[in-house]
Amino acid sequence: MNAYSPDLRERIAQAYDEGAGSQRVLAARFRVSRTFVERLLRRRRETGSLAALPRAGGQRGALDAAALRLIAQLVGKQNDLTLAGLCEHVVRERGLRISVPTMHRAVVRLGPRTKKDAARQ
């Protein structure tokens with residue numbers, strides 16, 4: 001969900017300052033939740049800002065930079081390795097157990113394309 005616009009935030013704060021109603025009334029008037037109005041006014045009181053907070057960022061990746069370099073080297077040397085084979089090499093070399101889908105995302109992120117073996121076609 002996207003953050004509410006700065007204009008809406010300013011209008012809510014201005015209406016509260018003018019005494020246009022309680023937080024519950026303002027929430028109904030501007031069609032936002034009462035919790036949003038409470039948090040918005042608390043943030044303005046504590047920080048002086050009505051701006052939205054930055055996004056949290058999500059979960060940290062399972063592969064560190066050294067593991068990604070290893071994968072790039074393995075794909076460069078043996079581009080016919082399967083994803084499961086790459087997973088086994090990473091376990092042996094780095095001790096990191098990762099799933100095949102995680103390996104797929106890592107290979108796609110690195111950018112090299114693997115060639116299919118002519119014998120398999």
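The second largest pocket in this predicted model holds about 180 Å³ of space. Let's start there, then walk through two helices, a loop residue and two nonpolar cores.

**The second largest pocket**

- Seven names to look for along the lining are Arg9, Phe36, Arg39, Leu40, Arg43, Ala52 and Leu53.
- Helix 3, which runs over residues 34–47, gives the largest share of that lining, with four residues.
- Sorted by class, the lining of the second largest pocket is a mix of four nonpolar and three charged residues, with no polar ones.
- If you wonder how anyone finds a pocket, rolling a probe the size of a water molecule over the atoms shows where empty space is left.

**Helix 2 and its buried face**

- Which residues of helix 2 are buried? They are Leu26, Ala27 and Phe30.
- Looking down the axis of helix 2, you'd see these buried residues fall within an arc of 105 degrees, so they line one face of the helix.
- Here's the handy rule behind patterns like this: an α-helix has 3.6 residues a turn, so residues three or four places apart point the same way.
- Flip to the other side of helix 2 and you'll find Arg24, Ala28 and Arg29, which are exposed.
- The buried residues of helix 2 pack against helix 1 (6–17) and helix 3.

**A closer look at Phe30**

- Phe30 sits in helix 2, which covers residues 23–30.
- Why does Phe30 count as buried? Its relative accessibility is 14%, and buried means under 20%, so Phe30 makes the cut.
- Setting aside neighbours within four places in sequence, Phe30 has contacts with Leu8, Arg11, Ile12 and Ala15.
- Arg43, one of the pocket-lining residues, is 13 residues away from Phe30 along the chain, and 18 Å separates their C-alpha atoms.

**Arg31, just past helix 2**

- Where do you find Arg31? Arg31 is in the loop between helix 2 and helix 3.
- Is Arg31 buried or exposed? Arg31 counts as exposed because its relative accessibility is 76%, and the cut-off for exposed is over 50%.
- Arg31 also has a phi near 55 degrees, which is a positive value in a residue other than glycine.

**Helix 6 and its buried side**

- Over in helix 6 (residues 100–110), the buried residues include Thr102, Met103, Ala106 and Val107.
- These residues cover an arc of only 135 degrees around the axis, so they end up on the same side of helix 6.
- Among the elements covering the buried residues of helix 6 are helix 4 (65–77) and helix 5 (83–94).
- Just after helix 6 comes Gly111, with a positive phi of about 95 degrees.

**The nonpolar cores**

- The largest nonpolar core has 14 residues, and Leu63, Ile71, Leu86 and Met103 are the ones that touch the most other members.
- Helix 4, helix 5 and helix 6 each put at least two residues into this core.
- Helix 4 supplies the largest share of this core, with six residues.
- Which residues does Ile71 contact, leaving aside its neighbours within four places in sequence? The list is Leu63, Val90, Met103, Ala106, Val107 and Leu110.
- Apart from the largest core lies another core, of 13 residues, with Ala13, Phe30, Leu41 and Leu50 among them.
- So you meet Phe30 twice: on the buried face of helix 2 and in that core of 13 residues.

Methods:
Residues numbered from 1 in each chain as written. Predicted model: local features only at pLDDT ≥ 70, side-chain atom pairs only at ≥ 80, totals over all residues. Heavy atoms only, no water. Buried < 20%, exposed > 50% of the residue type's maximum accessible area, 1.4 Å probe, protein only. Contact = heavy atoms within 4.5 Å. 1 Å grid on protein atoms, 1.4 Å probe; cavity = no way out; pocket = protein on both sides within 12 Å on 5 of 7 lines; lining within 4 Å. Points joined across faces, edges and corners; volume = space filled by probe spheres on them. Nonpolar A, V, L, I, M, F, W, Y, C, P; charged D, E, K, R; others polar. Arc of directions from axis to C-beta. Core = buried A, V, L, I, M, F, W, Y, C linked by side-chain atoms within 4.5 Å.
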